[in-house]
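Biologist: Please walk me through this fold, from the overall counts down to single bridge partners.

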Amino acid sequence: MTSQVAKVYTVAKSQEGYKEGFSNGHWDNREKYAAQVPGMAWVSAGGYPWCALFVSWVALKAGVAGLFPRSASCEYGVSWFRARGRWSDFPAVGSQVFFGVGNGGTHTGLVVSYTASTITYISGNTNSNGSPEGNQVLTKTIARKSAYVFGYGLPQYAEGITTADPALKGRKGYHYAATAGAPKAVKPAPPKSGGKTSMVTVKAGQTLGAIAAAAGISLAALLGLNPAYKTHPNSVHVGDHIAVPAKPTPKPSSTPTKKPPTCK
């Protein structure tokens, strides 16, 4: 059985390189994730930072939404984990790391791995410089003892969680490790399609326009089937699943097949 932390890692990793919308000469904080998380559409509509939203989206797609806070607020995420007794000053694989001196309210992401001196994490709304107000999903590495690192929320995974916290060593649901690598990624199953649509997986170099043309429909019709992309149709990412009209199953011919002539 695939571990829950492996599912979280796989979903998060699949989004690496995804970029938010670009309009009026600048990045605009409008992304595809908000429309896919119930109750969170206002984040993209208002052009708000989306790092915490990204974590909520990953949890939802990985099937563990109840193990993470659903919010666009990093500060709320900190209080959510603390209220459940799932907070630590030490990293854990699959934990939600919070950044920001004083309250952890500046930025957030998901821990991929850690060593004695560093943590590696995936986060949204960042850039190559590690900005908390960037434009894409990236994997970053930072010093564990950096003043910018505030702490970690530890989701209650069914298989337990691997952590560097010595105080949790030997406790049920926790696996102590001074260092820990990334979990093995799994191949996520594509979404099930309905009777009138089927799913295609976006490949490198593909655009929604190209997918629409291949399906024999207009771009507007394709966006009607995939409303999450209406605001920014150019934000499609490799690995995304796009709904297209299902091709009808050919009916068998009712005309009897003629037998070829044979020798008498």
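**Overall make-up**

Modeller: The model is predicted. The protein chain holds six helices and 12 strands.

Biologist: What share of the residues in the protein chain is buried?

Modeller: Buried here means under 20% relative accessible area. The protein chain has 264 residues, and the buried share of them is 44%.

Biologist: How much of the accessible surface belongs to carbon and sulfur atoms?

Modeller: The accessible surface of the protein chain comes to about 13900 Å². The part that belongs to carbon and sulfur atoms is 56%.

Biologist: Among contacts between residues at least 6 apart in sequence, what percentage joins residues at least 24 apart?

Modeller: A contact needs heavy atoms within 4.5 Å. With the set limited to pairs at least 6 apart in sequence, the portion joining residues at least 24 apart is 57%.

**The open sheet**

Biologist: In what order do the six strands of the open sheet stand?

Modeller: The pairing in this sheet is antiparallel. The strand order reads β3-β8-β4-β5-β6-β7.

Biologist: Why is one side of β3 and of β7 left without a neighbour in the sheet?

Modeller: β3 covers residues 87-88 and β7 covers 136-143. Both stand at the edges, so one side of each lacks a neighbour in the sheet. The reason is that each has a single partner strand.

Biologist: Is β5 mostly covered or mostly uncovered?

Modeller: Take its residues one by one against the 20% limit for burial. Eight of the eight residues in β5 are buried. That makes β5 mostly covered.

**Partners of β5**

Biologist: How many residues lie between β5 and β6 in their hairpin?

Modeller: β5 spans residues 107-114, and β6 spans 118-126. Four bridges join these antiparallel strands. Tyr114 pairs with Ile119, and Val111 with Tyr121. The number of residues between the two strands of the hairpin is three.

Biologist: Which residue of β5 is the bridge partner of Val97?

Modeller: β4 and β5 pair in the antiparallel sense, over four bridges. For Val97, the partner in β5 is Gly109.

**Helices on the sheet**

Biologist: At about what angle does helix α3 run to β5?

Modeller: Helix α3 takes in residues 51-61. It lies across β4, β5, β6 and β7. Its angle to β5 is about 55°.

Biologist: And which strands does helix α4 touch?

Modeller: Helix α4, residues 74-83, packs on the sheet. Its direction makes about 130° with that of β4. The strands it touches are β3, β4, β5 and β8.

Technical notes:
Residues numbered from 1 in each chain as written. Predicted model: local features only at pLDDT ≥ 70, side-chain atom pairs only at ≥ 80, totals over all residues. Heavy atoms only, no water. Buried < 20%, exposed > 50% of the residue type's maximum accessible area, 1.4 Å probe, protein only. Areas by Shrake-Rupley, 256 points an atom, 1.4 Å probe, with all protein chains shown as cover. Pairing = 2+ DSSP bridges. Axes fitted to C-alpha atoms, helices over the stretch in contact; angles between N-to-C directions.
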